[in-house]
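These are my notebook entries on a model of two chains. I looked up local backbone geometry, the contact between the chains, the domains of one chain and the confidence scores.

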Amino acid sequence: MKKLRIKQHTRTDFLTYLGVIILFVVMNILKSNGTLSRSLTGQLVPICCYMSMAVSLNLTVGILGELSLGHAGFMSVGAFSGIVAAMSLQNIIPAVPLRLAVAMIIGAAAAAIAGAIVGTPVLRLRGDYLAIVTLAFGEIIKDLVNCLLVGYDSKGLHMAFNLTGSKTIDDLGMKEGGIAIIKGAQGATGTTTIATFTAGFILVMVTLFVVLNLKHSRAGRAIMALRDNAIAAESVGINITKYKMMAFVTSAALAGAAGALYGLNFSSLQATKFNFNTSILILVFVVLGGLGNLWGSLIAAAALTVLPELLRAFSDYRMLVYAIVLILVMLTTNNPTLKTFFSRFKLHKPTGKEAV
Amino acid sequence: MKKKFFALMMTMVMVLSLAACGGKAETSAPADSNTPAQSGETAEGGSTFKLGTIGPLTGDAAIYGQAVANGAKIAVDEINASDSAIKFEFQSEDDVADGETSVNAYNTLMDWGMQVMVGPTTTGASIAVAAKAAEERTFMLTPSASSTDVIAPGDNVFQVCFTDPNQGIASADYMADNMSGAKIAVIYRNDDAYSQGIRDTFVSQSKANNLEVVYEGTFTADTATDFSVQLTAAQAAGADTVFLPIYYQPASVILTQAAAMNYAPTFFGVDGMDGILTMEGFDTALAEGVMLLTPFSADASDERTQNFVKAYQAAYGEIPNQFAADAYDGVYIVKAALEAAGCTGDMSATDICEALVGVMSTISVDGLTGQGMTWAATGEVSKAPMAVVIENGTYVLP
């Protein structure tokens, strides 16, 4: 029997897609059976968002090799622009799935613009500057959204910057029947929640598709080349800034789409949600799953999102147990004995194939 | 390697044993209820309801969530110990004052079989949960989330505390009536929904009342440790009254710093100021003369408050604040509503919700935080705010 030779990475990719699809189908079956607990059902959309966030951050940290500490900032940009889009398009696009898709695309676009603004000056430099600047970016976005007043009425979108802290939503001068979308520090409240698990699944698939294809494309090889040795990459004519920007902006856009979905899953969202801790949480997903390892990011994101909820039985000591579990997982995945144990499996596979 | 492994195992064992001790305190059930799934009917023909509460039991805002959980727990224990036909099973869940976690906590409670909810504690989290509760028709009574956005999502969401606009308006009205001609400075936290909400209505109402606001200073969670800039500016603007629609931790810093720079205006707080007298490491002499609007005073002389304060101190070793009192009232309000609607413990959460929504606007409850509390169909409570002044370390009526 003639067998198609499939590249190792292609097989891993297809297994990753397959895993996500199987998970989606299983969850949907369990949900319709009613066997899935409400606690887990409620977490499905956030899990999808975090998965997508982890994969997109892995593009920056694992594949591009630049440290980003402000990924939640892009999520924030995406979330709030997505909410504004979804709320103001309520009458124009009555179909909910379409409105959600438009909101996510707008969220992605806004985050991409933010990514380009941050990346343009910083990615020309060499060193850890991106980490510092993205860290600052996350904080700036938090403060900017705290100043932002957005409302929508029959005349269109109203926006104001409450820099002195003396303006309120009434100062927008909205007509009767207008709705306040973002109310400064109070954040976005009263958002119509239109996010669905299916949308989350599609988001994860699209994110995976974009990142995997970018990784295995010509551009992706250039990105990885400059990660491994920037000088060598430059010497063979790779435009370093261009490829860095490509990876970074793509990563920001995907985070924006995830943010939009996240924002539309909760009726209340404050800018403080997307603080430094959230950025670090996503970085933990990436590090725990393995740098450059996308299916690892997916599993880590899902597991670490569900874990605190599963640990509710520990009540006050929940986060302490969470931290200990995290340390244990890090230690065991780096355990040399276990590593050799797993690598034995990996080594056996190609020989097994030859035998066939 | 072996040593390291051993050390880790020991840590795990220690944590697990600690957690085992901590976990038990959160739930309580009446002695006569058997399996949780079929706790509907008790032997005496009474009903047992599953009552849940949500609040930040850990994290920055833990003091509020714990107060709510403790206050509600005391009310539940009292009711279960009494001869009341209605008994409660009680569970509290942690939400770290975060919307996402709060929705998770709500879902966890629904998995447990919660029929009525007294929670969540904080505003942002409550808005997220309120939308969910309104969609699924679960009765929700928040003890302390004061924004009007909390009660907006549905007719089944009610409040025990005043709304933010109510507090802002009441403060401005009080100043107009009693402190006319005051030059007012406002220092508020502009990344906090609660603080910003009260400030907004206070400023618009003081315009209507012809009060003069001479200065407005802002701070954020990150800059809540130094207020010398705001205080100097307020002093320079000639303010003789400083309105502080903030919680008591930053307020204590403001009072300390104002005393250090010999600036002594009248400080005027709202319900978040409650708790300043019991704050650790704070010289209560600095709070002399501070005025605040509060629905609850632990020094009130009526018997119920005294009993509550005694029970709270015995159980938790501290003086209860208004969050605890709000939660305590919340449980009694739920009980009164359940009695009025004639609900039984075997009804589903949705049926109970519909029945309670029907009676909420008809009942009137006397509680620790107000006499004759009634509710509008919107979910807003009607009770009189009380302005008190701190003298000799206690609240007295001015």
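**Entry 1: backbone geometry in chain B.** I located B:Val96 in the loop between β2 and α3 of chain B. I read its phi as near 50°, a positive value in a residue that is not glycine. I then turned to the peptide bond from B:Gly119 to B:Pro120, which is cis, with omega near -15°. I placed B:Pro120 in the loop that runs between β3 (116-118) and α4 of chain B. I note for all entries that this is a predicted model.

**Entry 2: the interface of chain B and chain A.** I asked first how many residues of each chain are in contact. I found 47 on chain B and 44 on chain A. For the area, I noted that the two chains bury about 3500 Å² between them, with 54% of it on carbon and sulfur atoms. I then looked up the charged pairs and found six salt bridges across this interface. One that I inspected joins A:Lys273 to B:Asp98, where the closest N and O atoms are 3.0 Å apart. I also recorded 16 residue pairs in polar contact across the interface, both residues of each pair being at pLDDT 80 or more.

I next asked which elements of chain B give two or more residues to the side that touches chain A. I listed α1 (2-24), β2 (86-94), α3 (99-112), α4 (123-136), α7 (193-208) and β7 (212-219). Of these, α3(B) gives the most, with 11 residues. By class, I divided the residues on this side of chain B into 18 nonpolar, 14 polar and 15 charged.

**Entry 3: the two domains of chain B.** I took the bounds from the domain assignment, which gives domain 1 as 47-162 + 304-382 and domain 2 as 165-294. I noted that the C-alpha centres of these two domains lie 29 Å apart. Their contact takes 11 residues from domain 1 of chain B and 12 residues from domain 2 of chain B.

I read the area that the two domains bury between them as about 1000 Å², 57% of it on carbon and sulfur atoms. I asked which three residues supply more than any other three of the area that domain 1 buries against domain 2. They are B:Tyr64, B:Phe162 and B:Gln322, which supply 47% of that area.

I found zero salt bridges between domain 1 and domain 2 of chain B. I did find three residue pairs in polar contact between these domains, with both residues at pLDDT 80 or more. On the side of domain 1 that touches domain 2, I noted that α2 (62-81) and α11 (322-341) of chain B each supply at least two residues. By class, I recorded six nonpolar, four polar and one charged residues on that side of domain 1.

**Entry 4: confidence.** I recorded an ipTM of 0.86 and a pTM of 0.85 for the model. Chain A has an average pLDDT of 89, and 95% of its residues score at least 70. In chain A, I marked residues 349-356, over which pLDDT stays under 50. The model has three contacts for that stretch beyond four places in sequence. For chain B, I noted a mean pLDDT of 84, with 88% of the residues reaching 70 or more. Over residues 17-44 of chain B, I found pLDDT below 50, and this stretch has 49 contacts in the model beyond near neighbours in sequence. I add a caution that predicted coordinates should not be read in detail where pLDDT is low.

Key: Residues numbered from 1 in each chain as written. Chains lettered and ligands numbered in written order. Predicted model: local features only at pLDDT ≥ 70, side-chain atom pairs only at ≥ 80, totals over all residues. Heavy atoms only, no water. pLDDT = per-residue confidence, 0-100. Contact = heavy atoms within 4.5 Å. Buried area = accessible area lost by both parts, 1.4 Å probe. Salt bridge = Lys/Arg side-chain N within 4 Å of Asp/Glu carboxyl O. Polar contact = N/O pair within 3.5 Å; in protein donor to acceptor, adjacent residues only side chain to side chain. Helix = DSSP H or I, 4+ residues; strand = E, 2+ residues; numbered from the N terminus. Nonpolar A, V, L, I, M, F, W, Y, C, P; charged D, E, K, R; others polar. Domains from an automatic or database assignment.
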